[in-house]
Amino acid sequence: MSTGSLLVPEPVKWTYIYALAGDPSAEAWHRDEWLPGLAKLDGIDRVVAHRTREAPQPEDVARPLNAWTGLVEVHLREPDLLRSVLAARVQEHVGGRFLAVRGLLSTIREEYDLRRDLPAQQHPYLTEAITWKGSPPPAEEPVDGDLWRYVYFFRYRDEVPWVDGEDWYLGHHTREGRQLPGLRRYVTWRRRRDDRLDAATAAQLNGFARYTELCFESFEAWHRATHSHGPRWRMDERHPAGVWTDYQQLFVGATPDIDITA
């Protein structure tokens, strides 16, 4: 007789970005009470927090770079903890100490390391040339030490089917992005859906389609490679209004400010 095997829930992480109220005590609360409190909850194995690194706001960068206070990764032993434990705790403080919290449930490991992996969506477009705003900027020689980590979150427009969004983002945008001069790291995570979340909670805490991280030696290197001297990013002709929306971005440093392992 076969005894079979028990299914072990897959560990995941909930990554959230947050903005705090202007009260100076809110930062101390988040650092000294909220994060250690999360780490003590049953089923949470690790809490990693990054304070936003303040960046200049160049004129050619349309979206704000400093709208968020920080980014936190919460490692969960099973996905349902977002619904059963974390959602209510977050809602208790939104509108008080938290001005806003947005997030994404995903695997712990990135879906693609885009400097090395080749998503299937890129295969039909591999021979397409990239046009640049002038000459591509030269890549700086790698140095040991600090990195500027550019992290962004987005969702696909409601009228854009998921397959179309992924075809454009993975097939075109990341194919162009992997060729940026000076790029040190380029990884992306895809949302793990949880149909047990109610619609409002899902929109707030698991509403993004993806989040992606690029690393450069400096802010200036990021700006040259992505904007002032960057590629003329290809748009999707099927969706002239654009493929993505609700794009949120911030910079953090190379190492976390807080790393608590249960």
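What is the volume of the second largest cavity? About 40 Å³. This report on a predicted model starts from that enclosed space, moves out to the open pockets, and then turns to the sheet, its helices and one aspartate.

## The cavities

Rolling a probe the size of a water molecule over the atoms shows where empty space is left. Counting cavities of 30 Å³ or more gives 2 here. If you would like to find the second largest cavity on screen, look for T15, L71, E73, R149, V151, Y211, E213 and V252, which line it.

Three strands, β3 (70–76), β6 and β8 (210–216), each bring at least two residues to this lining. By class, the wall of the second largest cavity is made of 4 nonpolar, 1 polar and 3 charged residues.

## The largest pocket

Now to the open spaces. The largest pocket holds about 430 Å³, and 23 residues line it. R63, H173, H227, W233 and Y247 are the ones closest to its centre, so they make a handy selection for centring your view of the largest pocket.

Four elements each contribute at least two residues to the lining of the largest pocket: strands β6 (148–156) and β9 (244–252), together with helices α3 and α5 (219–228). Sorted by class, this lining has 14 nonpolar residues, 5 polar ones and 4 charged ones.

## The second largest pocket

The second largest pocket has a volume of about 370 Å³. Its lining is made up of 19 residues, and those nearest the centre are R191, R193, A202, N206 and G207. Here the class split is 9 nonpolar, 2 polar and 8 charged.

Which element gives the most to this lining? Helix α4 does, with 3 residues. Helix α4 spans 199–205, and both α4 and β6 supply at least two residues of the lining of the second largest pocket. Strand β6 also supplies at least two residues to the lining of the largest pocket and at least two to that of the second largest cavity.

## The open sheet and its helices

Five strands make up an open sheet with antiparallel pairing, and their order is β4-β1-β3-β2-β10. Why do β4 (98–106) and β10 (258–261) each have one side without a neighbour in the sheet? Both stand at the edges and have a single partner strand, so one side of each is left free of a neighbour. From one strand to the next, the twist averages 15°.

Within this sheet, β2 (residues 44–51) pairs with β3 in the antiparallel sense over 7 bridges. One place to see this pairing is A49, which stands opposite V72 in β3. Helix α1 (residues 25–39) lies across β1 (12–20), β2, β3, β4 and β10, and runs at about 165° to β1. Helix α2 (residues 81–93) packs on the sheet too, where it touches β1, β2, β3 and β4. The direction of α2 makes about 150° with that of β3.

## A closer look at D164

D164 sits in helix α3, which covers residues 162–177. Is D164 buried or exposed? Its relative accessible area is 15%, and because the cut-off for buried is under 20%, D164 counts as buried.

Leaving aside residues up to four places away in sequence, D164 touches D236, R238 and H239. Helix α3, which holds D164, is also one of the elements that supply at least two residues to the lining of the largest pocket.

Key:
Residues numbered from 1 in each chain as written. Predicted model: local features only at pLDDT ≥ 70, side-chain atom pairs only at ≥ 80, totals over all residues. Heavy atoms only, no water. Buried < 20%, exposed > 50% of the residue type's maximum accessible area, 1.4 Å probe, protein only. Contact = heavy atoms within 4.5 Å. 1 Å grid on protein atoms, 1.4 Å probe; cavity = no way out; pocket = protein on both sides within 12 Å on 5 of 7 lines; lining within 4 Å. Points joined across faces, edges and corners; volume = space filled by probe spheres on them. Nonpolar A, V, L, I, M, F, W, Y, C, P; charged D, E, K, R; others polar. Pairing = 2+ DSSP bridges. Axes fitted to C-alpha atoms, helices over the stretch in contact; angles between N-to-C directions.
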